[in-house]
Amino acid sequence: MSAQDADLAHLRGWIGREETYIAEVTEDLVARFHATLDRPGAPPRRGEAAPRLIHHCLAPQTVPTASLAEDGHPQRGGFLPPVPLPRRMWAGSTVRFHRDIRVGDAVERRSRIADVALKEGRTGPLCFVTVEHALSVGGEPVIGERQDIVYRGAEGGTLGKPAPVSAPGHHSRAVEPGAPLLFRYSALLFFAHRIHYDRRYAMEVEHYPGLVVHGPLQAVLLLNFAADLRGAPPDRFSFRSGAPLFDDGPFTLNADESGDGLTLWTASPGGSAAMRAEAGWGEALRGAA
């Protein structure tokens, strides 16, 4: 058995590990989420439907500041396996919304390590950790999510082959990212990964050209774009990162019709798609759309 095989066998020992958290969707959290994303109108109040993907802000890891690694992530080990590769990112998710979470709900999240796999990328080895999340309120399922986390070496680069320049979608909207938006979204997630708010670290240590726009932030912007286009949020939503976006200029949200749903993506001007997403709606909504 090679050293790489031995490492993978050790990491796969984490498959099946579980953790459970319960967190309340407070009016304060909803108001801050609403304001951060510049959503129109007043934020939802107690008893009303909370914004979709706000569940990413629930029950964050609350490790002491002194326990954070140099990059701002919690130290390796614990629930997630101790992958030795230094760089970590949220590669993508597939989310199914069974019903709305409501403001004031106490949401239980059960998370389970479903898979650990090694792959070879353009800049070296990649380790993918798949986590399944089941969220419920009062024992009733509300959201199911399958999340992929990828670990890679210190070298920069995308997760796959170079993509061609992306043409604008049939629907398109410009976004000015800016440091305040990235900082506020990090604060919502209680997320200390320094590439999103520490420009010196992002540029001098991880060698990016600017601050990196969070993958889940791009996802919620695309989901809101889809909801605005169709008049209601999707019941099924999947997203996958392909290349990073930075705060050194505007980027666009794009959408094309795709059967009964929408294909969506983010892109910088003259660049390839950074994140791709698919949005779908239930039968009742599709009939009304």
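Let's start with one spot: Thr-252 stands opposite Ala-267 in strand 9. This is a predicted model, where local features need pLDDT of at least 70, side-chain atom pairs count only at pLDDT 80 or more, and totals for chains, interfaces and linings use all residues. Residues are numbered from 1 along each chain as its sequence is written, and side-chain values use heavy atoms, leaving out hydrogens and water.

Strands here are DSSP runs of E with at least two residues, and helices are runs of H or I with at least four residues, both numbered from the N terminus. Two strands pair if DSSP finds at least two bridges between them.

Now for the sheet. It is open, with 10 strands in the order 1-3-4-5-2-7-10-9-8-6 and antiparallel pairing. Strand 1 (18-24) and strand 6 (171-175) are the edge strands, each pairing on one side only. From one strand to the next, the twist averages 20°.

Here are some of the antiparallel pairs:

| Pair | Bridges |
|---|---|
| strand 2 (residues 87-97) and strand 7 (residues 236-241) | five bridges |
| strand 6 and strand 8 | five bridges |
| strand 8 and strand 9 | seven bridges |

Ser-93 has Phe-239 in strand 7 as its bridge partner, while Val-175 stands opposite Phe-251 in strand 8. The hairpin of strand 8 and strand 9 has two residues between the strands, and Gly-259 takes a positive phi near 60° there.

Finally, helix 5 (residues 215-230) lies across several strands, including strand 2, strand 7 and strand 9 (261-267), and runs at about 135° to strand 9. Angles go from 0 to 180 degrees between N-to-C directions, with axes as lines fitted to C-alpha atoms, for helices over the stretch in contact; contact means heavy atoms within 4.5 Å.
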